[in-house]
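Got the viewer open and a selection box ready? Let's take a walk through this one, stop by stop.

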Amino acid sequence: MNNKDKFDKYKQLLIEWSAKMNLVAPSTLNDIETRHFADSAQLADILPTNVNIVDLGSGAGFPGVVLAIMGWNVTCIESIGKKALFLNTVKKELGLSNLTIFNGRVEDYIKTMSDDNTVFTARAFAPLIKILDYTRSKNSRLFLLKGRQIESEIDTAKTKYKFKHTLIPSKTGDGYIVIIQKDR
């Protein structure tokens, strides 16, 4: 199955499963390619190629599944069992051997992982300060898809954490990609 076929099948699964559970906002189902796939795929332009990705709070698989389809080794962390079941179904249906699904809490997974060549991603997961709380013990970079309020989130996070950041305007909306390099 080529990548186009994988994205077509992923879209089909999203539509089917969204009829039974809240995976994505119903108003976005008519624009899955741009609103979800292209939004997630824009990380491919800036992510290093030789890293393992840990996607925090993966939900319906954004950006984790999209990046796995594009070739990265990805672990999606999802605490809600029904959403983890969806992600495992996507993994199986698309034949994504480079995708791992962890059905549990972010903090539990992070305790078990090493720092080796890992970056964190997230989209619509938590405020920046909470993401930094979760990842504080790891010397990793973060590549986050965030909304218009990111500068306020950065200001709040800098009251507790020291980090360097880069903001890149989103290609698909009015949000940003924020790249965080933590200082230890």
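What follows goes from the whole chain to single residues, with something to select at each stop.

**Before you click**

This is a predicted model, where local features need pLDDT of at least 70 and side-chain atom pairs count only at pLDDT 80 or more, while totals for chains, interfaces and linings use all residues. Residues are numbered from 1 along each chain as its sequence is written, and side-chain values use heavy atoms, with hydrogens and water left out.

**Stop 1: the whole chain**

Select everything and show it as a cartoon. You'll find seven helices and seven strands in the protein chain; here helices (H or I, at least four residues) and strands (E, at least two) are DSSP runs, numbered from the N terminus. Reading from the N terminus, the order is α-α-β-α-β-α-β-α-β-α-β-α-β-β.

How does the radius of gyration fit a compact globule of 184 residues? The rule puts such a globule near 16 Å and the protein chain has 16 Å, so the two agree. That radius is taken over C-alpha atoms, and the globule rule is 2.2 Å times the number of residues to the power 0.38. Along the principal axes, the C-alpha atoms fill a box of roughly 45 × 35 × 30 Å.

Now colour by burial: 51% of the 184 residues are buried, meaning under 20% relative accessible area, with exposed over 50% and partly exposed in between (1.4 Å probe, protein chains only). Contacts (heavy atoms within 4.5 Å) reach far along the sequence too: of those between residues at least 6 apart, 63% join residues at least 24 apart.

**Stop 2: helix α2**

Select residues 32-41, which form helix α2. Ile32, His36, Phe37, Asp39 and Ser40 are its buried residues. Look down the axis of α2 and these fall within an arc of 165°, so they line one face of the helix; the arc is that of the directions from the helix axis to the C-beta atoms. An α-helix has 3.6 residues a turn, so residues three or four places apart point the same way. Switch on α1 (3-18), α3, β4 (118-123) and β5 (141-146), which are among what covers that buried set.

**Stop 3: serine 40 and valine 66**

Stay in α2 and pick serine 40. Its relative accessible area is 0%, so serine 40 is buried. Beyond neighbours within four places in sequence, serine 40 is in contact with Phe62, Pro63, Val66, Leu67, Arg123 and Leu145.

Next, pick valine 66 from that list; this one sits in helix α3. Valine 66 counts as buried because its relative accessibility is 0%. Draw a C-alpha to C-alpha line from valine 66 to serine 40: they are 26 residues apart in sequence and 6.4 Å apart in space. Not counting residues up to four places away, valine 66 touches Phe7, Tyr10, Phe37, Ser40, Ala41 and Gly61.

**Stop 4: leucine 14**

Jump to leucine 14 in helix α1, buried at 0% relative accessibility. Outside its neighbours within four places in sequence, its contacts are Leu23, Val24, Ile32, Phe37, Ala60, Phe62 and Phe86.

**Stop 5: the loop between β1 and α3**

Two residues here deserve a click. Serine 58 lies in the loop between β1 (52-56) and α3 (64-69). Is serine 58 buried or exposed? At 3% relative accessibility, serine 58 counts as buried, and apart from neighbours within four places it is in contact with Cys76, Ile77, Glu78 and Leu87.

Proline 63 is in the loop between β1 and α3 as well. Check omega on the peptide bond from phenylalanine 62 to proline 63: that bond is cis, with omega near 0°.

**Stop 6: alanine 124**

Head for the loop between β4 and α6 (128-135), where alanine 124 is placed. Phi of alanine 124 is near 55°, a positive value in a residue other than glycine. Most residues other than glycine have a negative phi, and most peptide bonds are trans. With a relative accessible area of 78%, alanine 124 is exposed.

**Stop 7: isoleucine 150**

Finish in helix α7 (residues 150-157) at isoleucine 150. Isoleucine 150 counts as buried at 0% relative accessibility. Show Leu128, Leu167, Tyr176 and Val178 as sticks: isoleucine 150 touches them, with residues up to four places away in sequence not counted.
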